Amino acid sequence: MAMAAMGQEAEATCLQSFELYESESRLYILGTNSDKTLWRLLKIDRLESSELDIDECSTVYTESEYPDLLKGLNEDHRSTGGVNFVTKFYGIIGFIKFLGPYYMLIITEQKKIGEIFGHPVYQMTKTSMVELANSKTQSSFQNSKEENRYKKILNALDLRKDFFFSYSYHIMRSLQKNLSDPQDGWTLYETMFVWNEFLTRWIRNCLRNTLWTVALVYGFFKQDKFSVSGKDIMFTLIARRSRRYAGTRYLKRGVNEKGRVANDVETEQIVYEAVPGPTEVSSVVQNRGSIPLFWSQETSKLNLKPNIILHEMDNNYEATKLHFENLRGRYGNPIIILNLIKTRERRESILRREFDKAIRVINNSFSEENHLRFLHWDLHQNSQGKPTNVLDVLLKVAFRALSLTEFFYCQVASGSETAAHWPALLSGLDPYLCDDNSNSDNTECTDIVGDISQEDISGSSDFSGNATTEGKVENSELPPLKPPKFQKGVLRTNCIDCLDRTNVAQYAYGLAALGHQLHALGSLESPELGLEAPLAHHLMHFYERMGDTLAVQYSGSAAHNKIFSAKRGHLKLFIRSQEFFRTLQRHYSNTCIDANKQAAINLFLGYFQPQQGKPALWELESSSGEHNNELFDDCTSTLKRVKSDGSILRESNTSISGSGCCHNELFNAAQPDVKSRLQFPNLESDSMHENEISSACESGVSNLRYTPTAPHILHVPRAEPEYVNDSGDSNFLDLECLSTSSDERSIAISTSDVNLSNENVISDINPDCKETQIAEIQAQKLPEHFVQWVNHGDTFWY
């Protein structure tokens, strides 16, 4: 079959292992495929280290020719000492230049973290930076203070964490795109989820191929098997972080003029039966991203809740409109917005009102079929009673959203060569003629190309994966292939950080989708999975891990997982303690570490490129603005600053000394020792707060953001916000269906429990274990003010 031949060709030409050799004038890289039957040669000039000169040998060498190739290279350089082996490695990350020579970044160790249809997925465990200059040309840069400083900044981005890649599967794209719109590796590097696009740009342009490089995706990857109705199901959860407008929490907020938002992450869950040559597969995609308005926050050691500053630069919301048009181009219609920010809190309510206004203005300019669907729903307010109640509501929202977007499902022929070469289809080598742009009703699809006839198809309604050639029935008795389904549109979720509350909502959507996916695969009779189902608890672990990983990347600490912890029945005491220390860790990272991390990201992505005679990265007033700082070149806009109500409540009598070392030495020549008094925050009953803890560290973060001057700031009065409906506001969902029972509603709208006794510390716990847990707390003889903090969310130290 033509398809089989193309699959074999792909395997033969995919380079997965490399050897680096050096001579005085050149670096040589020998690359081979997985079974080391074919070898190719790459040459890199070392005499002019400030320029890249790379040449690829067109000859493909066999395994028997490999020793003679090495001998020939050694003979060519005998007069200068021959060629010497340097290291074995597993792919080129890219090339980077600071002020001196070029450096090559390579993967020297890797580990397999999963596979998709037989295509291994790897994580880097060790990398190396190889200087291209030889001993004669490198001396002038070896001791350069600025050069070494740039190297140190780049090392702040740990490539061993949360970066993954595949040699043969296009993991930067969703499964639906890989099947319905196959593309080659050349264009894939330019997608928003390939983080080393800039580093590989020169070698790709020079060689016109991607044989020698790997495409790195930054985010999250986890895979596991679980049994459903006697079948082993492979479940994969992937999060892809966008490289556009990428950065850390307070240094990247909102949208830029190109419609790109901070913390833009695509999440995909893939489900298929874990058998050789799977015949059915399903995936669903959702999105998270910062509120697409011009807004920012400032870090502060003394302000527990940093001010939110709304930049009124875009009266027509053109950037916001660009963002949603981009989403439509990526996912189709409808775009469903789930906005979870607070409606009654001074800091967040201004963004809620402005976002709602933007959506309505944009919808007026769109045709009705392109209207944005939205739901504004205050997760914090609705979790004041029993936190786990919000999962029931979010699950209802998820089912409704899923009915509008659908999900991807595809079946191929089984028991034949088609199933054996299923990976070839996914790698984009064989065109898949199901056009997701023309098949809106999901009722018809062209067969897979290639010489696939009805006699190649075995009965796949059994889904057992055990069909054999001998077990084939007559062609006339074979059931037809199921028509595919395609996802149309996407659910976009946000809160303020798009971390904690957002992750809970994404779990609910993932659970709703999982039931439909397993039903499509024939593993479940009903498409609905309840929150108490064993699969729901398994899935919660996946999404909790993903939420923690994404939160560390963006904010410096694991996610606030109060609702997940409450769902597991954890003590309120334990939940509050965990949330408190995560808040402390997050604040320390934001004020002391994020500046370096942002600078490393800007270097890695090519958003800042050092040049002789130009200001250094650490000399710039703002390296966190959009790459050409076009966003704030004209600072004539009006700004609204929302005053924070999180200032220090009272002065502490306890003095805590800071370490004086805040990990920002790359930006500050010297850090003074600082002593300050810490006042711990008023931890609210919902851990999805945005509180920050005062830090005893000075930081260079303030030098990395645009800070408006006084004439450009409008101070919003500290009046009570206008009334808003706590049950939400939506143009696609009947809000009555979100209503909880009368008892639950009375709890949700009750006043703060300021008069509760200490026994109510664990009021949310199951009554069966309540007396035992009360006794355990009393036996610990905890200080009264500590119990009061746990119970009421009051000040910790007095």
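Guide: Let's start with two helices in this predicted model. Helix H11 (residues 389–405) and helix H14 (residues 500–520) have axes that come within 8 Å and cross at roughly 55 degrees.

Visitor: Why are H11 and H14 called oblique to each other?

Guide: Check the angle against the cut-offs. Roughly parallel needs an angle under 35 degrees, and roughly perpendicular runs from 65 to 115. The crossing of H11 and H14 is at roughly 55 degrees, which fits neither range, so the pair counts as oblique. The crossing of H11 with H14 is right-handed, too.

Visitor: Which residues make the contact?

Guide: From H11 you get Leu391, Leu394, Leu395, Ala398, Phe399, Ala401, Leu402 and Thr405. H14 brings Val504, Ala505, Tyr507, Ala508, Tyr509, Leu511, Ala512, Ala513 and His516. Sorted by class, the contact of H11 with H14 holds 15 nonpolar, 2 polar and no charged residues.

Visitor: What about H14 and H15, why are they oblique to each other?

Guide: Helix H15 covers residues 534–555, and H14 packs with it at about 135 degrees, with the axes 10 Å apart. To be roughly antiparallel, a pair needs over 145 degrees, while roughly perpendicular stops at 115. An angle of about 135 degrees sits between those two limits, so H14 and H15 are oblique. This crossing is right-handed as well.

Visitor: And which residues of H14 and H15 make that contact?

Guide: On the H14 side they are Asn503, Gln506, Tyr507, Gly510, Leu511, Leu514 and Leu518. On the H15 side they are Leu535, Ala536, Leu539, Met540, Tyr543, Glu544, Met546 and Gly547. The contact of H14 with H15 splits into 10 nonpolar, 4 polar and 1 charged.

Visitor: How do you know whether Thr549 is buried or exposed?

Guide: Look at its relative accessible area, which is 15%. Buried means under 20%, so Thr549 is buried. Thr549 is found in helix H15, and leaving out residues up to four places away in sequence, Thr549 touches Asp162, Gly219 and Phe220.

Visitor: Now, what makes H8 roughly perpendicular to H9?

Guide: Helix H8 (residues 318–331) packs with helix H9 (residues 346–365) at about 70 degrees, and their axes are 10 Å apart. Since the range for roughly perpendicular is 65 to 115 degrees, H8 and H9 earn that label. H8 passes H9 in a right-handed crossing.

Visitor: Which residues in H8 and H9 meet?

Guide: Thr320, Lys321 and Phe324 in H8 meet Phe355, Ala358, Ile362 and Ser365 in H9. By class, that contact of H8 with H9 has 4 nonpolar, 2 polar and 1 charged residues.

Visitor: Why does Asp356 count as buried?

Guide: Same style of check! The relative accessibility of Asp356 is 11%, and the cut-off for buried is under 20%, so Asp356 counts as buried. Asp356 is placed in helix H9. Setting aside neighbours within four places in sequence, Asp356 is in contact with Phe374, His376 and Asp729.

Visitor: How many of the 798 residues of the protein count as buried?

Guide: 57% of them do. To fill in the rest of the picture, the protein has 21 helices and 25 strands, and its accessible surface comes to about 32,400 Å², with 47% of that belonging to carbon and sulfur atoms. Among contacts with a separation of 6 or more, 73% come from residues 24 or more positions apart.

Terms used: Residues numbered from 1 in each chain as written. Predicted model: local features only at pLDDT ≥ 70, side-chain atom pairs only at ≥ 80, totals over all residues. Heavy atoms only, no water. Axes fitted to C-alpha atoms, helices over the stretch in contact; angles between N-to-C directions. Helix = DSSP H or I, 4+ residues; strand = E, 2+ residues; numbered from the N terminus. Left-handed = near helix turned anticlockwise from the far one by under 90°. Contact = heavy atoms within 4.5 Å. Nonpolar A, V, L, I, M, F, W, Y, C, P; charged D, E, K, R; others polar. Buried < 20%, exposed > 50% of the residue type's maximum accessible area, 1.4 Å probe, protein only. Areas by Shrake-Rupley, 256 points an atom, 1.4 Å probe, with all protein chains shown as cover.
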